[in-house]
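Biologist: Could you take me through this model step by step, giving the cut-offs behind each term as we reach it?

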Amino acid sequence: MRFKNVLLSVLAALVVLSGISFVFSQTITYAVNREAGMLDLHKGSSRYDIVVASNIFDTYLYLTEDGEYLPWLAEEVTMSDDARTYTIKLRDGVTFHDGTPLNAAAVQYNFDRIVNPDTKSRAAIGDLASYQGTEIIDNLTARVTFADPHPAFWFGLSDWRAGGPHSPTALEADPEGFARAPVGTGPFRFVEWIERDRIVLARNDDYAWEYPRAQHSGPAH
């Protein structure tokens with residue numbers, strides 16, 4: 001990928017040293033040494049996909065460096081004593097970039113799609129292990145069951161691949177094209193992808209829920 005902007009950190013250092021004042025644009029350019037393979041995380045397996053996708057998608061839980069799981073899209077998650085059943089209570093008011101609400105039906109759709117053989121999932125399917133199905137308890141509550149104990153599903157709910165819900169509306173409209181034009185719930189929305197040149201994202205101005213790693217709520221600065 002070719003980027004023409006100077007690294008912001010270097011520019012900021014020059015400003016401090018020179019004492020010159022600049023008016024910064026609201027555009028940030030971030031360079032990587034390899035292009036993403038695809039942005040449909042249900043299918044892909046490249047770590048380079050996550051560099052971009054982690055801005056487009058949120059996850060149900062957020063895993064801290066200390067190993068603590070914090071609420072994010074899920075307001076609460078409980079596990080049965082045998083580690084075969086997880087009940088996910090979603091945060092109210094979350095919407096995908098296309099306006100589709102994040103509800104229990106969307107949770108069910110995402111997990112069912114990952115395990116569907118037609119999806120040909122490479123990595124996300126590993127988070128679902130012996131997945132049996134998702135039951136819709138109410139509009140914001142889904143119950144996920146496994147044939148065998150699956151305590152590692154806590155991590156799966158914080159993993160961008162299985163735990164980052166994709167818009168069911170966008171997937172139904174263009175299941176193949178979604179990989180090049182993803183729709184999530186994250187602080188940034190997809191704008192365009194010019195192959196071997198750039199992937200452009202724009203701030204999601206409707207982002208109204210707390211991002212655990214941020215020091216403020218609402219849209220990104």
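The questions and answers below go through the core, the salt bridges and a few single residues.

Modeller: This is a predicted model, in which local features need pLDDT of at least 70 and side-chain atom pairs count only at pLDDT 80 or more, while totals for chains, interfaces and linings use all residues. Residues are numbered from 1 along each chain as its sequence is written, and side-chain values use heavy atoms, with hydrogens and water left out.

Biologist: Which helix gives the most residues to the largest nonpolar core?

Modeller: A nonpolar core is a set of buried Ala, Val, Leu, Ile, Met, Phe, Trp, Tyr and Cys residues joined through side-chain atoms within 4.5 Å, where buried means under 20% relative accessible area, exposed over 50%, and partly exposed in between (1.4 Å probe, protein chains only). The largest such core holds 47 residues, and L39, Y60, I88, F111, F153 and L157 touch the most other members. Helices (H or I, at least four residues) and strands (E, at least two) are DSSP runs numbered from the N terminus, and the helix that gives the most to this core, with 5 residues, is α3 (residues 104-115).

Biologist: Which residues does F111 touch, not counting residues up to four places away in sequence?

Modeller: Contact here means heavy atoms within 4.5 Å. With residues up to four places away in sequence set aside, the residues that F111 touches are Y60, I88, L128, Y131, T134, V144, F153, L157 and A162.

Biologist: N110 is also in helix α3; is N110 buried or exposed?

Modeller: Leaving aside neighbours within four places in sequence, N110 is in contact with H42, G164, P165, H166 and P168. Its relative accessibility is 0%, so N110 counts as buried.

Biologist: How many residues apart in sequence are the parts tied together by R113 and D40?

Modeller: The structure holds 6 salt bridges, each being a side-chain nitrogen of Lys or Arg within 4 Å of a carboxyl oxygen of Asp or Glu. In one of them the side chains of R113 and D40 meet at 2.8 Å, N to O, and both of these residues are buried. Because R113 lies in helix α3 and D40 in the loop between α1 (8-18) and α2 (47-56), the pair ties together parts whose separation in sequence is 73 residues.

Biologist: In the salt bridge between K43 and E176, is E176 buried or exposed?

Modeller: The side chains of K43 and E176 meet at 3.5 Å, N to O, and the pair links K43, in the loop between α1 and α2, with E176, in the loop between α7 (168-173) and β7 (188-194), 133 residues apart. K43 has 13% relative accessibility and so counts as buried. E176, by contrast, has 59% relative accessibility and therefore counts as exposed.

Biologist: Which residue meets R203 in a salt bridge?

Modeller: R203 counts as partly exposed, because its relative accessibility is 39%. The side chain that meets R203, at 2.8 Å from N to O, belongs to D205.

Biologist: Where is A83, a residue with a positive phi although it is not a glycine?

Modeller: The phi of A83 is about 60°, and A83 is buried, with a relative accessible area of 8%. The place of A83 is in the loop between β3 (74-79) and β4 (85-90).

Biologist: What is the phi of R196, in the loop between β7 and β8 (198-203)?

Modeller: At 62% relative accessibility, R196 counts as exposed. R196 is a residue other than glycine with a positive phi, and its value is near 60°.
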